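Subject: A structure for you to look at

Hi there,

Here is the structure I promised to pass on to you. Have a look at it first, and then read on for what turned up in it.

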Amino acid sequence: MLLEKVKNYEIFRPKCDSSKEVLHSIATLEEDISPVFPYLNAELGGWDYNQSNQVLLLKLSEGKWITLHPREIAIRGARDMEESQALLEWIKGQINDIWERRDQIQPRYTSQAGLKVMEILKLLPLTNCKACGYATCMAYAAALREGETRLEDCPPLWEEKYREKREKLQAYLNEYGWRPLDEF
Ligand code: SF4
């Protein structure tokens, strides 16, 4: 087990905007959890991974974020104490489970923040047909980068004539460990 003990756990409202109905929390740890970061990044689709500074940022649904440092877990955006605790237990479980399975996981050092909207856009049908629910292909490309929509939500992309583009787009997203937000 890589992470056994949380030394201290503090839950607070962000000072910058005390009117916000969200909580932030910080858990300080006994152990250095940074060895698991490239494996977590591979399995959970980290939003940003800075290997030299050993910081891994996970973007969850509904405006929630988890930032992992070697001896600290910061959780932003929980609705209440129960959710804050549940998110801490979830990430602790992921850290230990993924660490146990690390021999079967290919570590990843790229992250979703490296995806470029213009590269995604080039691989879309570029018809601005609005079938995805977005006004333009550019708006869809930006949402896709953020994990807020899926490839299946662009119906024309699944037509035979766009097969090559779709396969290139899937490969591009996979290279950066892209995941839709609703997988969390
Ligand atoms: S459905 Fe696809 S082609 Fe149509 S606007 Fe959306 S992204 Fe563009």
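Before the tour, one term you will need: a residue counts as buried under 20% relative accessible area, as exposed over 50%, and as partly exposed in between. By that rule Lys168 is partly exposed, because its relative accessible area is 45%. Please also keep in mind that this is a predicted model.

**Two domains**

The domain assignment splits the protein into domain 1, residues 6-104, and domain 2, residues 115-183. Their C-alpha centres are 28 Å apart. Where the two touch, domain 1 supplies 8 residues and domain 2 supplies 6.

How much area is buried between domain 1 and domain 2? The value is about 550 Å², with carbon and sulfur atoms giving 46% of that area. If the idea of buried area is new to you, the size of an interface is often given as the accessible area lost when the parts come together.

Polar contacts also link the domains: 3 residue pairs are counted between domain 1 and domain 2. On the side of domain 1 that touches domain 2, helix H1 (residues 37-44) gives the largest share, with 3 residues. Sorted by class, that side of domain 1 has 4 nonpolar, 2 polar and 2 charged residues.

The interface of domain 1 and domain 2 also has 1 salt bridge. You can find a salt bridge between Lys59 and Glu146, where the closest N and O atoms are 2.6 Å apart.

**Salt bridges**

As background, side chains of opposite charge can pair when their charged atoms come close. How many salt bridges does the structure hold? There are 15.

Lys64 is a good residue to click on. One of its partners is Glu62, at 3.2 Å from N to O. The two ends of this pair sit in contrasting surroundings: Lys64 is buried, with 6% relative accessible area, whereas Glu62 is exposed at 62%.

Lys64 also forms a salt bridge with Glu83, and here the closest N and O atoms are 3.5 Å apart. This pair links distant parts of the chain, since Lys64 is in the loop between strand S4 (55-59) and strand S5 (65-69), while Glu83 is in helix H2 (residues 81-100), 19 residues apart. Is Glu83 buried or exposed? Glu83 counts as buried, because its relative accessibility is 13%.

Another pair is Glu164 with Lys168, with 3.4 Å between the closest N and O atoms. Both belong to helix H5 (residues 163-175), and because they are 4 residues apart there, about one helical turn separates them. Glu164 is exposed, at 53% relative accessibility. Going back to the loop with Lys64, salt bridges with shared partners join Glu62, Lys64, Arg79 and Glu83 into one network.

**Two backbone angles to check**

Most residues other than glycine have a negative phi. Glu62, in the loop between S4 and S5, has a positive phi, near 55°. Asn128 is not a glycine either, and its phi is positive at about 50°. Where does Asn128 lie? Look in the loop between helix H3 (117-122) and helix H4 (137-145). At 40% relative accessibility, Asn128 counts as partly exposed.

Enjoy exploring, and write back with any questions.

Best wishes

Methods: Residues numbered from 1 in each chain as written. Predicted model: local features only at pLDDT ≥ 70, side-chain atom pairs only at ≥ 80, totals over all residues. Heavy atoms only, no water. Domains from an automatic or database assignment. Contact = heavy atoms within 4.5 Å. Buried area = accessible area lost by both parts, 1.4 Å probe. Salt bridge = Lys/Arg side-chain N within 4 Å of Asp/Glu carboxyl O. Polar contact = N/O pair within 3.5 Å; in protein donor to acceptor, adjacent residues only side chain to side chain. Helix = DSSP H or I, 4+ residues; strand = E, 2+ residues; numbered from the N terminus. Nonpolar A, V, L, I, M, F, W, Y, C, P; charged D, E, K, R; others polar. Buried < 20%, exposed > 50% of the residue type's maximum accessible area, 1.4 Å probe, protein only.
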